[in-house]
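Trainee: I would like a close look at a single part. Could you pick one helix and walk me through its surroundings?

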Amino acid sequence: MSTAYLYDPIYLQHFQHDHVEGPERLEHIQRALDVSRMRERLIELKPQPITLERLTRVHHADYVTQVKRAADRGGGGLMGRGDETYVAPKSYEAALLAAGAVVTGMQAVLRGEVTNAFALVRPPGHHAFTDHGEGFCLFNNVAIAANVARSDFGLDRVLIVDFDVHHGNGTNSIFYDDPSVLFFSTHQWGIYPGTGHWSEIGDGAGVGYSVNVPVLPGWGDAALIAIFDQLLDPIARRFKPQLILCSAGYDPHWSDRLGGLLMTDQGFFDLTQRLVQLSNDLCDGKLVLTLEGGYGLDGLAYGVVASFGALLGDRAFDDPIGPPRRTPRDIEAGYLDQLRALHGLPAC
Ligand SMILES: [Zn+2]
């Protein structure tokens, strides 16, 4: 089993003063990979920038031009979309290499050069729509990779799992009517972006291929693991993906500034282990993670280390951050059975 990571220093140049989505996130991850001696167990792959042809299969050319022009002008907020999603002078270049990293890692996995891969990128992607960016995201990295897997590698079924604390609204929208890409998302209900109700199950031919699982503030590892075991597992086995992509966001961690969940880094190890198991059982281990959110720097950095341990097949993870001071709430009785029924599965 071999695990690759992808990183480029250009990601640090996507920067706006005092913004929560800043380069220190990746710097912390880099340090944790060294301190934990995880880096020496990994294969480093150099990301190639996404080509315009591949980029514009997912994003409108006008929007891509808008991002490039904003960067060329010296940066600023994206017009008409508030200022939370910024463009710095090097952001266009960084965004091309962020999407490109996921695709480079995925190509290595699909060609059998490595077992699995994790793209450590910024800007993140899962809130980016075809025609606009939002929620700190410029281009939808995971969606672009899924499109390349379908169009260039001829895969018929790609599973995207998104465990970021925020709903991957961009990804959800891009594949909402597409039965070839099954989107499964867990996200905290009641925070940005406000979408991802369980009743959002897809449209047209895509009905049943969007699985949205809102979770409530105060839920922790046990709830998320139950959702993966009782909902994701049977749905993935029924779908039989040829590749699993994962929008890995570490903002469900209890220390996070933006989320209200109580997950631990041990929990991220457990969730990633389940994705490894599913990929081993269903698609020869073909699994590619891409970094989305995560704003509690230590929780983020060691969450990424935990995921790498699981990707490498480690049996256990020693969580240096530990559990929250508050005890997580139990998942509401009957909630999972209701969702299982909605998605055509028998009660547990
Ligand atoms: Zn997030």
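Mentor: Here is a walk along helix H8, followed by some other places to compare on screen. Keep in mind that this is a predicted model.

Start with the helix itself. H8 covers residues 265-283, which is 19 residues. From its first C-alpha to its last, H8 reaches 26 Å. At 1.5 Å a residue, 27 Å is expected, so the two values are close, by the definition of expected span. H8 is also mostly covered. Of its 19 residues, 14 are buried. Now step just past the end of H8. There Asp 284 takes a positive phi of about 50°.

Next, look at a helix beside it. Helix H7 runs over residues 221-239. The axes of H7 and H8 come within 10 Å. They cross at roughly 10°. That angle makes H7 roughly parallel to H8. Which residues make the contact? From H7 come Asp 221, Leu 224, Ile 225, Phe 228, Asp 233, Ala 236 and Arg 237. From H8 come Gln 266, Gly 267, Asp 270, Leu 271, Arg 274, Leu 278 and Leu 282. Sort the residues of this H7 and H8 contact by character: seven are nonpolar, two are polar and five are charged.

H8 also meets a strand residue. Ile 244 sits in strand S9, residues 243-248. Is Ile 244 buried or exposed? Ile 244 has 25 C-beta neighbours inside 10 Å, so it counts as buried. Set aside its neighbours within four places in sequence. Ile 244 then contacts Leu 159, Val 161, Leu 275, Leu 278, Ser 279, Cys 283, Lys 286 and Leu 287. Find Leu 278 again: it is one of the H8 residues in the contact with H7. Now trace the chain back to Ala 143. Ala 143 and Ile 244 are 101 residues apart along the chain, yet 12 Å separates their C-alpha atoms.

For comparison, turn to helix H4, residues 91-110. H4 has 20 residues, which should span 28 Å at 1.5 Å a residue. Its end C-alpha atoms are 28 Å apart, and that agrees. In H4, 17 of the 20 residues are buried, so the rest of the structure largely encloses this helix. Just after H4, Gly 112 takes a positive phi of about 80°.

Then compare another helix pair. Helix H1 (residues 24-35) packs against helix H9 (residues 297-311) at an angle of about 50°. Their axes are 8 Å apart. The angle makes H1 oblique to H9. The crossing of H1 past H9 is right-handed. On the H1 side, the contact includes Ile 29, Ala 32 and Leu 33. On the H9 side, Leu 300, Ala 301 and Val 304 are among them. In full, the contact residues of H1 and H9 divide into nine nonpolar, one polar and three charged.

Finish in the loops. Asp 18 lies in the loop between strand S1 (3-6) and H1. It is not a glycine, yet its phi is positive, about 65°. Asp 18 has 5 other C-beta atoms within 10 Å, so it is exposed. Phe 136 lies in the loop between S5 and H5. It is not a glycine either, and its phi is about 75°. Phe 136 has 25 other C-beta atoms within 10 Å, so it is buried. The loop between S5 and H5 also holds Pro 123. A cis peptide bond joins Arg 122 to Pro 123, with omega about -10°.

Technical notes. Residues numbered from 1 in each chain as written. Predicted model: local features only at pLDDT ≥ 70, side-chain atom pairs only at ≥ 80, totals over all residues. Helix = DSSP H or I, 4+ residues; strand = E, 2+ residues; numbered from the N terminus. Buried ≥ 20, exposed ≤ 12 C-beta atoms within 10 Å, placed from the backbone. Axes fitted to C-alpha atoms, helices over the stretch in contact; angles between N-to-C directions. Parallel < 35°, antiparallel > 145°, perpendicular 65-115°, else oblique. Left-handed = near helix turned anticlockwise from the far one by under 90°. Contact = placed C-beta atoms within 7 Å. Nonpolar A, V, L, I, M, F, W, Y, C, P; charged D, E, K, R; others polar.
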